[in-house]
Amino acid sequence: MIDIKKLNQDSENEIKSVKTADELFVVEKKYLARGDGEVVKLLRQLKDLPVEEKRKIGPEIQELKKYIEDLVNRRRSELADEAQKESEKYFDRSLPGKPVGRGTAHPISQFMDRAEDIFTRLGFETVDEREVDNEFYNFDALNTPKDHPARDIQDTYYVMNPESWSLKHQSNDTRYKIQDTRLLLRTHTSTAQIRAMKDRKPPVRIISPGRVFRHEATDASHETTFNQLEGFVVDKNIRVSDLIGTIKEFFARMYYDKDIKLRVRPHFFPFVEPGMEIDISCIFCNQKGCSVCKHSGWLESAGSGMIHPEVLNNMGVDPKIYSGFAFGFGIDRMVMVYYGIDDIRLLYSGDLRFIKQF
Ligand code: FA5
């Protein structure tokens, strides 16, 4: 004999009388457990009934199930409210709160954010490129011949996993057939000049910030991991004066409250012609000469120049129609000047006493 009414009444009484969430859980299981709950037991009895009765009682049992579920849920939220009220009785609002340590962004991140902001206002788009790249994008496509000293194992960290030496699988760049080019940690952000142009056409104004890696001895102004900010513009009639104007504007906005001087001098980079280096006056010794500026009064801060026609070709751009400029800022040295930090290694020390000052 299936007595739905009784189960309905019993469950309602029991659910309403529970006083804690644990008690409610026990009652919930008693009626709704999948294997041996009272509702399931009723459903099992159905099979012995004639079809007519099955049709009538089946839906009634489902209704009962729904009814019990609703009762349980309602009681659960009542109990939670009661528990909340109870705990508030003992809550002393006059007690001091627990101190929460506030983190701050690393000085390099803060500087990068500001730099990105300035370039965005100047109409540049930011592009993020990979830190592990290959010889082709880091050197070949940037007109850097196979015998260039920068490729020397002294300067470049190669990835020694033999399986990854051949990168046919790694490049979906249809502009080139790249074979047997080794994986490396990029030595500069100039890789972005080629990579970002894969799906863009001039006119473009792009910046690409990020970490770069070089195998070299460290001192006050050299690290093995440091940050660069690449920037380049490709359009018709781009000239050296556009390059210098952009750089001057950036420095004026970035160091608006500092008394610094800039110096531009010719320098060779295989991927630009003409090439230039940009120095900032050393604020640590007022240009009298110190260990940070290697007693020269100037800190070498960026490389730059007019993009070499061969590189424009590799970008997929016709050098007869377009020209462009590029620069690569050494962000760490610029951060040092900005905050008055006289040793680059402090930036990577992970020492909270140092980091917390910014
Ligand atoms: C380059 O890396 C070129 N890719 C820059 C460039 C881009 C030239 C576009 C032309 C056109 P360079 O090796 O000089 O150039 O590095 C650029 C800047 O990175 C330097 O001026 C310096 O500020 C910084 N830098 C270089 N080596 C280190 C190092 N070991 N530690 C910290 N900063 C460094």
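Analyst: Start with a term. A strand is a DSSP run of E with at least two residues. The model shown here is predicted. Pro274 sits in such a run, strand β7, residues 272-281.

User: What is the omega of the peptide bond from Glu273 to Pro274, and what is that bond called?

Analyst: Omega is near 0 degrees there, and the bond from Glu273 to Pro274 is cis. Most peptide bonds are trans.

User: What about the peptide bond from Pro202 to Pro203?

Analyst: That one is cis as well, with omega near 5 degrees. Pro203 is not in a strand but in the loop between α7 and β4.

User: Why does Asp133 count as buried?

Analyst: Buried means under 20% relative accessible area. Asp133 has 0% relative accessibility, so it counts as buried. Its place is in strand β2, residues 132-134.

User: What makes the pair of Asp133 and Arg195 a polar contact?

Analyst: The cut-off for a pair of N or O atoms is within 3.5 Å. The side chains of Asp133 and Arg195 make their polar contact at 2.8 Å. That fits the cut-off.

User: Which residues is Asp133 in contact with, leaving aside its neighbours within four places in sequence?

Analyst: They are Arg182, Leu183, Leu184, Thr191 and Arg195. Take Thr191 next. Thr191 belongs to helix α7, residues 191-195. Its relative accessibility is 1%, so Thr191 is buried too. Beyond its neighbours within four places, Thr191 touches Asp133, Tyr137, Asn138, Leu142 and Arg186.

User: Why should helix α5 span 21 Å?

Analyst: The expected span is 1.5 Å times one less than the number of residues. Helix α5, residues 107-121, has 15 residues, so 21 Å is expected. Its end C-alpha atoms are 21 Å apart, and the two values agree.

User: Which residues of α5 are buried, and where do they lie around the axis?

Analyst: Pro107, Ile108, Phe111, Met112, Ala115, Ile118 and Phe119 are buried. They cover an arc of only 130 degrees around the axis, so they sit on the same side of α5. An α-helix has 3.6 residues a turn, so residues three or four places apart point the same way.

User: What is found on the other side of α5?

Analyst: Asp113 and Arg121 are exposed there. Exposed means over 50% relative accessible area.

User: What covers the buried residues of α5?

Analyst: The cover includes strands β4 (204-213), β5 (225-235) and β9 (323-330). It also includes helices α8 (240-254), α10 (331-339) and α11 (352-355).

User: How do you know that α1 has the span it should?

Analyst: Use the reasoning applied to α5. Helix α1, residues 4-17, has 14 residues, so it should span 20 Å. Its end C-alpha atoms are 20 Å apart, which agrees.

User: What makes the buried residues of α1 line one face of the helix?

Analyst: The buried residues are Ile4, Leu7, Ser11, Glu12 and Ile15. Seen down the axis, they fall within an arc of 125 degrees, so they line one face of α1. The face turned away carries the exposed residues Lys5 and Lys16. What covers the buried residues includes α2 (21-32), α3 (38-45) and α4 (51-89).

User: Why is Asn237 called exposed?

Analyst: The cut-off for exposed is over 50%. Asn237 has a relative accessible area of 59%, so it is exposed. Asn237 is in the loop between β5 and α8. Its phi is near 60 degrees, a positive value in a residue other than glycine. Most residues other than glycine have a negative phi.

User: Is His295 buried or exposed, and what is its phi?

Analyst: His295 has 60% relative accessibility, so it counts as exposed. Its phi is positive, about 60 degrees, although His295 is not a glycine. His295 lies in the loop between β7 and β8 (298-307).

User: Which residues are closest to the ligand?

Analyst: The closest are His188, Ser190, Arg214, Glu216 and Glu223, and 26 residues surround the ligand.

User: How far is a nitrogen atom of the ligand from the side chains of His188 and Ser190?

Analyst: An N or O atom in the side chain of His188 is 2.9 Å from a ligand nitrogen. For a polar side-chain atom of Ser190, the distance to a ligand nitrogen is 2.8 Å. A backbone N or O atom of Ser301 is 3.3 Å from a ligand oxygen. On its own the ligand has 680 Å² of accessible area, and the protein covers 95% of it.

Methods: Residues are numbered from 1 along each chain as its sequence is written. This is a predicted model: local features need pLDDT of at least 70, side-chain atom pairs count only at pLDDT 80 or more; totals for chains, interfaces and linings use all residues. Side-chain values use heavy atoms; hydrogens and water are left out. Helices (H or I, at least four residues) and strands (E, at least two) are DSSP runs, numbered from the N terminus. Buried means under 20% relative accessible area, exposed over 50%, partly exposed in between (1.4 Å probe, protein chains only). The arc is that of the directions from the helix axis to the C-beta atoms. Contact means heavy atoms within 4.5 Å. A residue is near a molecule or strand if one of its heavy atoms lies within 4 Å of it. A polar contact is a pair of N or O atoms within 3.5 Å; within protein, one must be able to donate a hydrogen and the other to accept it, and residues adjacent in sequence count only if both atoms are side-chain atoms. Accessible areas come from the Shrake-Rupley method with a 1.4 Å probe; for residues, only the protein chains shown count as cover.
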